[in-house]
Every structure is written in structure tokens, then in C-alpha cells.
Amino acid sequence: MNQIIVDVGISENRLALVEDEELVELYIERQNNRRMVGNIYKGRIANVLPGMQAAFVDIGLEKNCFLYIKDALKQDLFNKDETYYKDIPITDVVKQGQEITVQVIKEPLGTKGARVTTNITLPGRYLVLMPHTSYIGVSRRIVCSEERERLREAIEQLRPHNMGIIVRTVAEGKNGEDFDEDIKFLLKLWQKIERERKINPAPKLIHRDFDLISKTIRDTFSKDIDKFVINNAKEYKNALELVELLSPSLKSRISYFDEDIEIFNYYKIESQINKSLNRKIWLKSGGYIVIDSTEAFTIIDVNTGKYVGSIGLEDTVLNTNLEAADEIAKQLRLRDIGGIIIIDFIDMVDEEDNQKVIDALEKALSKDKTRSKVLGMTQLGLVEMTRKKVRLGLDRLLQKKCQYCGGSGRLANEYTLLYKFEKEMIRISMHTNAEAVIFETNPTVLQVFKEEKSMLEKIDAETDLKSFIIPNIHLHHNEIQVKAMGDMESIKKLIDKNEVIL
């Protein structure tokens with residue numbers, strides 16, 4: 001059973017796509033930080049970069065957006081290769097200070113601003129309207145050649161003059177009447193956007209795309225979804241109204257959750273979210289995968305773990321790799337991992353087994369709406385692949401860098417901290433006349449120093465200094481700071497005012 005579960009909150013809304021009680025996708029929309037992809041702005045060219053065939057566009061955000069040459073040409077370029085764009089200087093397309101209408105196609109990520117295009121697309125229920133092209137396309141997920149041709153012919157009769165249309169997957173089996181309503185709605189929307197563009201100065205938001213719930217109803221809620229459950233009465237009513245407009249036959253599948261329990265706990269989603277943040281993911285067989293992300297790419301390691309098999313080593317390795325391939329595809333989709341991905345499957349001698357694993361990975365990835373490409377296996381036995389990076393990954397949405405380790409996942413151990421303490425004591429004994437020193441450390445370090453008290457006493461003796469250590473919750477785990485030093489009498493007065501642990 002496929003379900004969409006929506007948790008409407010005060011600060012944020014969360015939407016989970018569940019397949020057979022297993023969480024496969026999670027979307028989060030915060031009230032003060034709504035998604036930008038699909039929004040249309042009237043902007044101004046802030047800077048042109050001829051060497052990069054790109055320009056920066058000011059649309060009123062903190063960071064200017066990036067516009068590539070191929071995203072700036074308003075004509076039918078769907079069949080052009082990359083060499084075509086190199087022959088057209090960006091300076092022939094846009095000028096600094098020029099006002100321009102753009103649509104966000106990629107969220108800001110890290111230090112990078114959003115990516116925009118001038119090729120506007122307006123999604124409807126069955127169709128996508130492209131006001132600046134005359135191209136007709138059909139979703140690649142519609143595989144029947146006869147159906148593709150039927151849809152193409154139907155759209156050719158309805159397509160507005162000098163405008164393009166893409167037929168969406170949900171249009172399969174639909175007829176001209178369904179498409180006619182969609183086109184009328186999208187044309188009215190485009191006319192409204194054009195009016196906003198003419199009357200507003202740049203930079204200005206002139207069209208905001210649907211919010212998370214409405215967008216999911218438009219793009220994802222189809223006959224393949226058995227239930228759409230929502231825990232907010234107002235949003236439930238809005239959902240019913242939108243479904244009545246877009247696809248009335250699905251109205252009975254929407255239900256209001258009115259229980260005295262958290263909806264994500266009821267559907268066992270919260271525990272799956274927590275699991276999705278783990279570095280190590282166990283497989284049912286007893287093997288496991290480890291996922292590590294860097295700025296440049298994501299690395300996934302596969303291990304047999306507790307799985308010992310029952311036939312032989314080669315069979316055990318193959319079964320673990322096949323199970324891992326399926327789990328990796330699920331994790332990439334759930335965590336929304338994008339960019340370059342390197343997978344270190346367990347080494348296999350048989351080339352046929354290697355191909356079985358790659359085929360299994362590609363099959364599992366076919367369920368993912370986000371485009372990915374498996375490039376094959378390197379000479380080192382590593383599988384290279386890419387997945388389109390559209391928005392922040394789940395880990396960055398739900399977590400932040402550790403204030404102590406800075407994201408490295410490592411802290412200084414007790415020997416390193418003891419070494420720091422020793423060197424500081426030697427420095428003070430050599431360059432001052434102090435008799436005693438008060439140090440401050442993070443409370444987490446105090447236990448380490450307690451265990452090494454005999455070593456601290458030895459350092460005191462060697463440096464002819466008396467050390468005292470007090471906690472400071474504001475200090476970094478790796479820091480040891482001098483609070484005060486001087487003669488014993490003055491230090492004792494300070495000690496009376498502080499909680500001295502050591």
C-alpha cells in the first residue's frame with residue numbers, strides 16, 4: 001500500500017511518502033523558509049561572467065542567483081548538445097543591469113546561490129506549459145509507443161500558438177477534455193504572471209509555486225497512492241477542494257487524522273526518520289552499509305557484517321551486494337543525496353556477478369523520480385554514479401555541524417588534551433614567576449583528567465607549579481585555557497570563589 005502522511009505543525013509541515021509501511025521520501029517545509037524551486041522572479045543582471053558563460057542575477061535574495069548560458073536562451077534547444085552553447089557568448093544574450101524574468105530550478109545549497117533559468121515552465125495536473133518554446137514532449141515514464149504518439153497528437157491539436165507542452169506521466173490514458181481544462185488554467189496563470197512582470201520593478205517575486213501539500217497533490221497524488229492522510233482540519237479542507245478541481249475521483253482517498261497521538265508516531269515514521277540519519281544501516285541478512293558524505297561526494301561502503309551465508313564465499317558476497325544495492329537506492333532517495341556517489345561493493349571475481357549487482361542497482365534506482373545515472377565500475381572495483389542535486393539532503397535539513405568537532409566527527413582524545421596541558425604548564429614555568437595556575441576546561445574533559453590525576457601531579461612536580469582545574473561549559477571540548485596565575489595566596493582567594501574539581 002502506498003500512502004502519503006502529512007504532519008501539519010506550527011513551525012513546519014512534514015510530508016512522508018510511505019510504500020508498504022516503509023518510509024521512502026520525506027519532505028519538510030518550514031514556515032519561515034519555504035522551498036524556492038518553481039518560483040518566478042523579475043530580476044536584474046548583476047554581473048556577467050564571459051569566462052564561465054554565465055551571469056549572476058539579483059532577485060532580491062541574500063545571494064545572487066546563477067544563470068548559465070543554456071538556461072538563458074529562450075528558444076527550442078532540447079536537441080542541442082553542449083558544443084552549441086559554447087558558440088554563443090553570454091554577452092550576446094544578457095547585459096549587466098538588464099531586467100529579466102527567471103524561474104528557480106535549484107535551491108541555494110551551502111555557499112552557492114540558487115540556479116535560475118529564463119525558460120519558464122508552469123506545471124498543471126497533466127501538462128507542463130512552456131511559454132517560451134514550441135516543443136512538445138511526453139514523459140519518459142510513459143513507455144508505450146502507441147500511447148506516446150496518441151498523446152502527442154492530442155496535444156498538437158490543443159497547444160497554444162508559439163508555446164510548448166510536456167505531457168506528464170499522470171496523463172497516460174487521459175483525453176483532450178482533461179488536457180483542455182489544464183491548458184486553460186495554465187494560460188490564465190501565465191497571463192497573471194505577465195501582468196505582474198509589467199507592473200512590478202525588479203527585483204520582485206511575481207509568482208510563488210504551490211506550497212508543499214498542494215504541490216504534492218498536484219504532482220504526486222495519483223491512482224498509485226492508496227491513502228492521503230492529514231492531521232489538520234483546515235489543510236484537509238483545502239486538500240479536498242484542490243483534489244475536486246484536479247482529480248475528483250481521488251477525493252475518497254483523502255482522510256482526516258483526528259487521534260490523540262502524533263501522526264508520525266502512529267504510522268511509525270518518526271523512528272524511521274531517526275534511523276535514516278544513522279551512518280551505519282544494517283541489512284536484513286546481517287550485512288551493513290556505511291554512508292559518509294563530504295563536500296565533493298558521497299561514499300558508501302558495503303560489508304558482510306554478521307552474514308556468513310550457507311553455500312560459499314562467492315554466494316555470500318553476491319547476496320550481500322544485491323541486498324545492499326536495493327538498500328542504497330532506498331537511502332539515496334530517502335536522504336535525498338545528490339552529486340557524485342562512489343559505492344564500494346564487496347569485491348567479486350566473476351564479471352557476471354558484477355553486472356548482476358549493477359543491474360540490481362539500476363532497477364532499484366528506477367523507482368526514484370530524481371534523475372540518476374550509474375556510470376559503471378572502475379578498475380578498483382568501485383561503482384561510480386551521479387544523482388541530480390535539487391535540494392538540501394535530509395541530514396542537512398535535520399542536523400547541523402557539531403559545535404565541538406566542526407563536522408569532522410572527531411574530538412581530541414585524552415592523551416592530546418593531557419599533552420596540551422603539559423605544554424602550557426612548561427610554558428608558564430619557563431616564562432613567568434607564577435607559583436600556581438587555574439585552568440578552565442569543558443566539563444566533558446574533567447572526567448579524563450580525573451582518570452589521569454597521577455599524571456597531573458607528576459607534571460606539577462616537574463614544572464614546580466601547582467595546578468587547579470575548574471569547569472567552563474562555554475569552552476570547546478578541545479580547549480584548555482588559563483583563567484589565572486600568580487602566587488599561592490592570590491590563587492587560593494580565587495579558588496574560594498570557584499568550583500574547583502581538580
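A residue is called buried when its relative accessible area is under 20%, exposed when that area is over 50%, and partly exposed in between. The legends below use these terms for close-up views of a predicted model.

**View A. The buried residue N442 lies in a loop between a strand and a helix.** With a relative accessibility of 2%, N442 falls under the 20% limit and therefore counts as buried. The loop that holds N442 runs between strand β22 (436-441) and helix α12 (443-451). K389 is 53 residues from N442 along the chain, and the C-alpha atoms of N442 and K389 are 39 Å apart.

**View B. The largest nonpolar core of the model contains 27 residues.** Within this core, the residues with the most contacts are I328, I343, F345 and L361. Two or more residues come from each of the elements β17 (288-293), β18 (297-303), α8 (313-335), β19 (339-344), α9 and β21 (383-387). Helix α8 is the element that gives the most to the core, with seven residues. In soluble globular proteins, nonpolar side chains tend to be buried together.

**View C. F297, I299 and I340 make a nonpolar patch on the surface.** The area of this patch is about 230 Å². One of its members, I340, belongs to strand β19, an element that also gives two or more residues to the largest nonpolar core. I340 itself has a relative accessibility of 42%, so this residue counts as partly exposed.

**View D. E314, D350, E351 and E352 form a negative surface patch.** Among these residues, E352 is located in helix α9, which spans residues 351-365. The relative accessible area of E352 is 52%, a value over the 50% limit, and E352 is therefore exposed.

**View E. A salt bridge between K330 and E22 links distant parts of the chain.** This view shows one of the 23 salt bridges that the structure holds. The closest N and O atoms of K330 and E22 are 3.5 Å apart. K330 lies in helix α8 and E22 in strand β3 (residues 22-30), with their positions 308 residues apart along the chain. Both partners are partly exposed: the relative accessible area is 28% for K330 and 31% for E22.

**View F. K184 and D180 form a salt bridge within helix α3.** The closest N and O atoms of this pair are 3.4 Å apart. Because K184 and D180 are four residues apart in helix α3, about one helical turn separates them. K184 is partly exposed at 44% relative accessibility, and D180 is likewise partly exposed, with a relative accessible area of 28%.

**View G. The side chains of K251 and E244 meet in a salt bridge.** The N to O distance in this pair is 3.0 Å. K251 has a relative accessibility of 34% and counts as partly exposed. E244, at 39%, also counts as partly exposed. Elsewhere in the model, salt bridges with shared partners join R168, D209, K215, R218 and D219 into one network.

**View H. A cis peptide bond joins A202 and P203.** The omega angle of this bond is about -5 degrees. P203 is found in the loop between helix α3 (176-199) and strand β13 (204-207). Helix α3 is also the element that holds K184 and D180, the salt-bridge pair of View F.

**View I. Q53 is a residue with positive phi in a loop between two strands.** The phi angle of Q53 is about 50 degrees, although Q53 is not a glycine. The loop lies between strands β4 (40-49) and β5 (54-58). At 17% relative accessibility, Q53 is under the 20% limit and so counts as buried.

**View J. D464 has positive phi and lies in a loop between a helix and a strand.** D464 is not a glycine, yet its phi angle is about 60 degrees. Helix α13 (453-463) and strand β23 (466-471) flank the loop in which D464 is found. The relative accessibility of D464 is 69%, over the 50% limit, and D464 therefore counts as exposed.

Note on methods
Residues numbered from 1 in each chain as written. Predicted model: local features only at pLDDT ≥ 70, side-chain atom pairs only at ≥ 80, totals over all residues. Heavy atoms only, no water. Patch = residues over 30% accessible without salt bridge, like charges linked within 9 Å, V, L, I, M, F, W, Y side chains within 5 Å. Areas by Shrake-Rupley, 256 points an atom, 1.4 Å probe, with all protein chains shown as cover. Salt bridge = Lys/Arg side-chain N within 4 Å of Asp/Glu carboxyl O. Lys, Arg positive; Asp, Glu negative; His and termini not counted. Charge placed at Lys NZ, Arg CZ, Asp CG, Glu CD. Buried < 20%, exposed > 50% of the residue type's maximum accessible area, 1.4 Å probe, protein only. Core = buried A, V, L, I, M, F, W, Y, C linked by side-chain atoms within 4.5 Å.
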